[in-house]
Each structure stands twice: as structure tokens, then as C-alpha cells.
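Hi,

Here's the model I said I'd pass along. Have a look at it first, and then read on for what turned up when I went through it.

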Amino acid sequence: MAYSTLILPLKGGKYTMGETILFLVFVALSLMGGWLILRRTGDYDIDFFTKILGWILLIPGIMGVMDSLRILQ
């Protein structure tokens with residue numbers, strides 16, 4: 001009996017390693033982007049730069065996670 005999960009779909013009874021690694025990379029990008037967005041240093045110039053960098057990492061990370069979960073097709 002094959003059990004199905006919500007994380008990644010099964011293909012022929014086995015997870016493909018490439019999709020699993022991509023999912024983990026996108027989760028890491030999302031976490032890093034969110035951390036940079038929420039980070040406060042007190043210096044407005046550095047905070048502005050880290051927020052921009054955080055959004056640049058967060059948006060593709062969320063899109064990649066949603067694609068891995070088959071929410072976006």
C-alpha cells in the first residue's frame with residue numbers, strides 16, 4: 001500500500017530526489033527572505049537594503065514552494 005503525502009506527490013511509488021532537493025532549496029530561500037525582511041539593525045540604509053534583498057529571495061521562494069506542492073501549475 002502506497003501512502004501519499006501533501007509535501008510532494010509520489011511518482012511510481014518513489015519520490016524523485018530532484019524535486020525533494022528543489023523543495024528544500026525553495027523553503028530555505030523563503031526562510032532566509034523572511035528573516036531578512038523582519039531583521040532590524042537601526043541603520044535605515046542597511047534596513048532598506050536587507051528588505052529589498054529579502055523580498056527578492058522571498059517571492060521566488062514562495063512561488064517555488066507553491067509549485068512543488070502543486071498549488072501552481
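Gly 34 counts as buried because its relative accessible area is 19%, and the cut-off for that label is under 20%. You'll find Gly 34 in helix α1. Across from it, so to speak, is Gly 61: the two C-alpha atoms are separated by 9.9 Å, although the residues sit 27 apart along the chain. Gly 61 is itself one of the buried residues of α2.

Before I go further, please keep in mind that this is a predicted model.

Another residue to click on in α1 is Ile 37. With a relative accessible area of 11%, Ile 37 is buried too. Which residues does Ile 37 touch, if you skip those up to four places away in sequence? Lys 51, Gly 54, Trp 55 and Leu 58. Of these, Gly 54 and Leu 58 are on the list of buried residues in α2. There's also a C-alpha separation of 9.1 Å between Ile 37 and Phe 48, which are 11 residues apart along the chain.

Now the helices as a whole. The chain has 2 helices and 0 strands. Helix α1 covers residues 17-38, and its 22 residues should span 32 Å at 1.5 Å a residue; the end C-alpha atoms are 32 Å apart, so the two values agree. For α2, with 25 residues, the distance from first C-alpha to last is 36 Å, close to the expected 36 Å.

Which residues of α1 are buried? Phe 23, Ser 30, Gly 33, Gly 34, Leu 36 and Ile 37. They cover an arc of only 160 degrees around the axis, so they lie on the same side of α1. The general background is that an α-helix has 3.6 residues a turn, so residues three or four places apart point the same way. Turn to the other side of α1 and you get exposed residues: Met 17, Leu 24, Leu 31 and Trp 35.

What do the buried residues of α1 pack against? The answer is α2, and the buried residues of α2 pack against α1 in turn. On the α2 side the buried set is Asp 47, Thr 50, Gly 54, Leu 57, Leu 58, Gly 61, Gly 64, Val 65 and Ser 68.

The end of α2 is worth a look as well. Just after that helix, Arg 70 takes a positive phi of about 65 degrees. Ile 71 is in the segment after α2, which runs 44-68. Is Ile 71 buried or exposed? Exposed, because its relative accessible area is 55% and the label needs over 50%. Ile 71 also belongs to a nonpolar surface patch, together with Trp 55, Ile 59, Met 63, Leu 69 and Leu 72. The patch has about 570 Å² of accessible area in total.

Lastly, some whole-chain numbers for your notes:

- Of the chain's 73 residues, 22% count as buried.
- The accessible surface is about 5700 Å², and carbon and sulfur atoms make up 75% of that.
- Among contacts with a separation of 6 or more, 51% are between residues 24 or more positions apart.

Cheers

Terms used. Residues are numbered from 1 along each chain as its sequence is written. This is a predicted model: local features need pLDDT of at least 70, side-chain atom pairs count only at pLDDT 80 or more; totals for chains, interfaces and linings use all residues. Side-chain values use heavy atoms; hydrogens and water are left out. Patches are made of residues with over 30% relative accessible area and no salt bridge: like charges are joined within 9 Å, nonpolar side chains (Val, Leu, Ile, Met, Phe, Trp, Tyr) within 5 Å. Accessible areas come from the Shrake-Rupley method with a 1.4 Å probe; for residues, only the protein chains shown count as cover. A salt bridge is a side-chain nitrogen of Lys or Arg within 4 Å of a carboxyl oxygen of Asp or Glu. Helices (H or I, at least four residues) and strands (E, at least two) are DSSP runs, numbered from the N terminus. Buried means under 20% relative accessible area, exposed over 50%, partly exposed in between (1.4 Å probe, protein chains only). The expected span of a helix is 1.5 Å times one less than its number of residues. The arc is that of the directions from the helix axis to the C-beta atoms. Contact means heavy atoms within 4.5 Å.
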